[in-house]
Structures are given as structure tokens and as C-alpha cells.
Amino acid sequence: MNSATWYGLVGAALAGIGLYGLIVHPHALRKILSFNLLGAGVFLIAGVVARRGAAAGLPGDPVLQGLVITGIIVAFAATALAVALLLRLAETAHTASLAEAALDRQREPVAGSDPAGGRTGSTG
Amino acid sequence: MNIVAIGLALDLAFGLLALAVAVFALRARTTYAAVVGFVSFGVLLALVWFRLGAPDVALTEAAIGGGLTGLLMLNASAVLRATEAAAAAEPRRPGVRLVALLAAATVAGGLAAAVLALPSPAPTLAPLAVAGAPATGLGNPVAATLMAFRATDTLLEMVVLVLALVGVWSLTRDDLWGGRPGRRHQADSKGVLVFFARLLLPVGVVFAVFLLFVGADQPGGAFQGGTVLAALWLLAIMARLADTPAIDQRWLRFWLIAGPAVFVAVGLAGLAFGVGFLGYPEPWAKPIILAVEIVKIVSVGVTLALLVAGPPMRPRGDDR
């Protein structure tokens, strides 16, 4: 087994670790973090495919490496949006869990009285 | 020990360490500890990217994957600390762990099988990229990919950054629209953070510009440089040397749009000159690419920093 294949297997394991965390963790920030681990694993496998495509004096296929750079930045943009949504959820519903029971339990006291959302909540 | 054996030992160590830190981030008791683990994971992964012959990706991973994503989640974990106990105490449905384990094992196993079954010799676009690079005037084939061969991807990615920021800003409370993002930071004006920020700012700006220009022929580029600029700006904000700008200011809106707008304008100009959308007439390729990259580094820096800062939390008058 050469280095590229080894890192490919590491990438596969990372994707598995990320998927496990995504399902198991109740806290949404942990889910976002796990999703980033999953993504890192997928990018790493793309990097392995690029590495195997080393030719013409280059250490890897530059087209695939360029796509991974684009992917990392888009993943960051999605993470930023997810974190902003989560912080807003925590502000209005006082929970960071996506379980319906948690949302219902927290929503009841302010339901109907707060159409704009969040003004009654703590903003500190 | 010869150099190949040392390389293999390094690969083994980096891979195992990355996996160990990922498992730590998965299992850590507090979210804060998990995020710290994630940042270390990003740095380790950057080393892996160097070992895979992809220094451009390594720079991006260290700066964005570990750095900015880590900062974003550190802020969030501090705000959400009060919600952790309730989430941890939530009743777990039986069997979820088992199903998750099965799903994770299936996906990891399938990917591993795919990695082991990759065709040999591997298909590659490297010779085509090398053959096309002289026409772009860029010596770094990854930069040539991002700015010329696959320029549409880069353009769309800049649009995605702006759209994500629109999404983040749309979560603003009505009464705070036009206000300043983020909470007010506390900083001791004689403290280490402020001293460090003052020391690092000028050095960092020079380094960002260096990354931009060296990116044409060596690893680097506008995205990596822009990330450094964003990090410096965020550092200045945390040290209270600067404040986040109110989001309805003209100059701010201008720089958010400038990067994608210049890119689109260059693309349309290519159409007008008969070299196709985002094509560059050959002798002018490098100057045009450089001009786009100079606008892009500022645009990317502003957008990334504002994505980390989040939606407005304070009215605009709340400055000092």
C-alpha cells in the first residue's frame, strides 16, 4: 500500500466518523462540526485521486486540486450560514437541539405572542 | 533510514493523528473542547495536504478549514454554552447509536472499497494543464485552473460567498437592521491581545499581498491572501482596534460586490472580444488575471470576515 492509498483509507474513515457524529449528537453545533469532518474526508479522497494523477512533472492533478480549494471555501460558506441559523434558533427557542420535543417544549410559553421572533428572548 | 522510509513513517503518523483528533472532536464532553479538537484537526489535515503534493490546498485548509471555521465555531460554542446541558440530557431513542454505527461503517467501507478499486493508471488532466499554462502566463497550474481553465467555478464560488452572507444577514432582528455585526468585544488596551494585534497587523498585510502575487507562480493566491486579510481584520476587531462596520454602508456593499462584478465584467469582455465567456486574449491574460485577483483579495477578505462576524447584534450607534 502506498501513501496515497493510505490517505484514501483515512479519508474514508473520516467520512464514517463524521456521519456517525452527525446522527448521534443532539447538539446542533456538534452536528455542524461532524458534517465538516465528513466533508474533510470526502475532500481528502479527492486529493488522493489528484495525487494518483501525478503526471507531466506535477505532484498531482491541478484541476482536481483547484476544485478541492473551491469546495473548501463553499463548505465554509455553508458552515457560516448553518451557524448563523443555529444561533438564531437558540435566541428564539432557547435550545440548540433539533429534536421536536425540545423545540415544542421551548416554544410553548412564547407561542403566538411573538410574531417577529426573538424580541422577548434574551439577546445577551 | 532512507528518505522514502521517513516519508512513509510521516504519512502513517499524520494519518493516525488526524483520525485520533477527529475521534477526540467527536467524543469530547464539551462543545468547546470539540471545537479545539477540530482546529487541531485542520492543522494536521493541512500537513496531510502537503504530503499529497497539494501545497495550495494545504494553505486553504489551514486558513479556512481550520482557522476561520474554527473561529466561527468557537464563537458559537461560547454563545451556546447554556444550551449544552439540555441537549446532553435529552432522552436518546434506543437503537440510534447502532443505526448510526451501521450507516457510518457502510459509508466508510464503501468509500474504502472505492479507494482500493481506483483505476490504474489513474486518469489525469495534469498534461493538459501543463500544456495550457503558458497561454495564461501563470506558472502555478493550480492558479491557472482557478483563474482560467475552471474560472466559472471560481466565479460561482464568489457568488456563493455573497449569497451565504445575504442568508446570514437575513437572520437579523428587524430593529437591528443596518446595525453592527457581532457582540461588543472587551479588550485590555495594555493586554497581550492588543499588543499582539498591533504587532501582527502590518506583518500580516504584507504577507497577504505576498501570497497574492506569489500565487501566480508558486503556492498561494487571492483566496489564501483574502483569508489572511479577513483573519487580521477579525483580530483587530477582537482587540478593539477596529469595530465591525454597520452593514448598510455603501463602501461595504461595494467591496462585497466588487469581486464577482469585476469577474463577470471580464467574462463578458471576453465574449465581446471573441475569446468566449471568461476567456482571456492571450498576451493580456496575465495582467487581466492579476487585476481580477487584486479586486478579489479585498472582496474575499471583507466577505469572509463578515461571514464569521454574523448578523447585526447591535444598533449602529453602539460603536465605542
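Which residues does A:Leu29 touch, not counting residues up to four places away in sequence? Hi everyone, let me start there. In this predicted model, A:Leu29 touches two residues of its own chain, A:Leu86 and A:Ala96, and from the partner chain B:Thr31, B:Met73, B:Ala76, B:Ser77 and B:Leu80. So where does this leucine sit? A:Leu29 belongs to helix 2 of chain A. Is A:Leu29 buried or exposed? A residue counts as buried once 20 or more other C-beta atoms lie within 10 Å of its own. A:Leu29 has 26 such neighbours inside 10 Å, and therefore counts as buried. There is also A:Leu87, which is 58 residues away from A:Leu29 along the chain, yet their C-alpha atoms are separated by 9.4 Å.

Let's step back to the whole meeting of the two chains. Chain A puts 75 residues in contact with 83 residues of chain B. On the side of chain A that touches chain B, the elements giving two or more residues are helix 1 (3-24), helix 2 (28-52) and helix 3. Which of them gives the most? That is helix 3 of chain A, with 24 residues. If you like to think in residue classes, this side of chain A has 51 nonpolar, 19 polar and five charged residues.

Now, please look at helix 3 in each chain. Helix 3 of chain A covers residues 62-93, helix 3 of chain B covers residues 55-79, and the two pack at an angle of about 5° with their axes 10 Å apart. Angles under 35 degrees count as roughly parallel, and therefore these two helices are roughly parallel to each other. From chain A, the contact includes A:Ile69, A:Ile72, A:Phe76, A:Val83, A:Leu86 and A:Leu87. From chain B, among the residues taking part are B:Asp56, B:Glu61, B:Ile64, B:Leu68, B:Leu72, B:Met73 and B:Ala76. You may recall A:Leu86, B:Met73 and B:Ala76 from the list of residues that A:Leu29 touches. By class, the contact between the two helices has 16 nonpolar, five polar and two charged residues.

On to chain B by itself. Its secondary structure comes to twelve helices and two strands. Following the sequence, eight helices come before a strand, then four more helices, and a strand ends the pattern. The C-alpha trace of chain B spans about 60 × 55 × 40 Å along its principal axes. Of its 320 residues, 42% count as buried. Among contacts in chain B with a separation of 6 or more, 72% join residues 24 or more positions apart.

Chain B is divided into domain 1 (1-112) and domain 2 (140-320). Their C-alpha centres lie 26 Å apart, and the contact takes ten residues from domain 1 and 13 residues from domain 2. On the domain 1 side, those residues divide into seven nonpolar, two polar and one charged.

One last pair of helices, and then I'll take questions. In chain B, the axes of helix 8 (residues 151-169) and helix 11 (residues 250-272) come within 10 Å and cross at roughly 150°. Angles over 145 degrees count as roughly antiparallel, so that is how helix 8 and helix 11 of chain B run relative to each other. The crossing is left-handed. Helix 8 of chain B brings B:Leu155, B:Met158, B:Val159, B:Val162 and B:Leu165, while helix 11 brings residues including B:Gly259, B:Pro260, B:Phe263 and B:Gly267. This contact has nine nonpolar, two polar and no charged residues. Thanks for listening!

Methods. Residues are numbered from 1 along each chain as its sequence is written. Chains are lettered from A and ligands numbered from 1 in the order in which they are written. This is a predicted model: local features need pLDDT of at least 70, side-chain atom pairs count only at pLDDT 80 or more; totals for chains, interfaces and linings use all residues. Axes are lines fitted to C-alpha atoms, for helices over the stretch in contact, and angles run from 0 to 180 degrees between N-to-C directions. Angles under 35 degrees count as roughly parallel, over 145 as roughly antiparallel, 65 to 115 as roughly perpendicular and the rest as oblique. Two residues are in contact if their C-beta atoms, placed from the backbone, lie within 7 Å. Ala, Val, Leu, Ile, Met, Phe, Trp, Tyr, Cys and Pro count as nonpolar, Asp, Glu, Lys and Arg as charged, and the others, Gly among them, as polar. Domain bounds come from an automatic or database domain assignment. A residue is buried if 20 or more other C-beta atoms lie within 10 Å of its own, exposed if 12 or fewer, and partly exposed in between; C-beta atoms are placed from the backbone. A crossing is left-handed if the near helix is turned anticlockwise from the far one by less than a right angle, and right-handed if clockwise.
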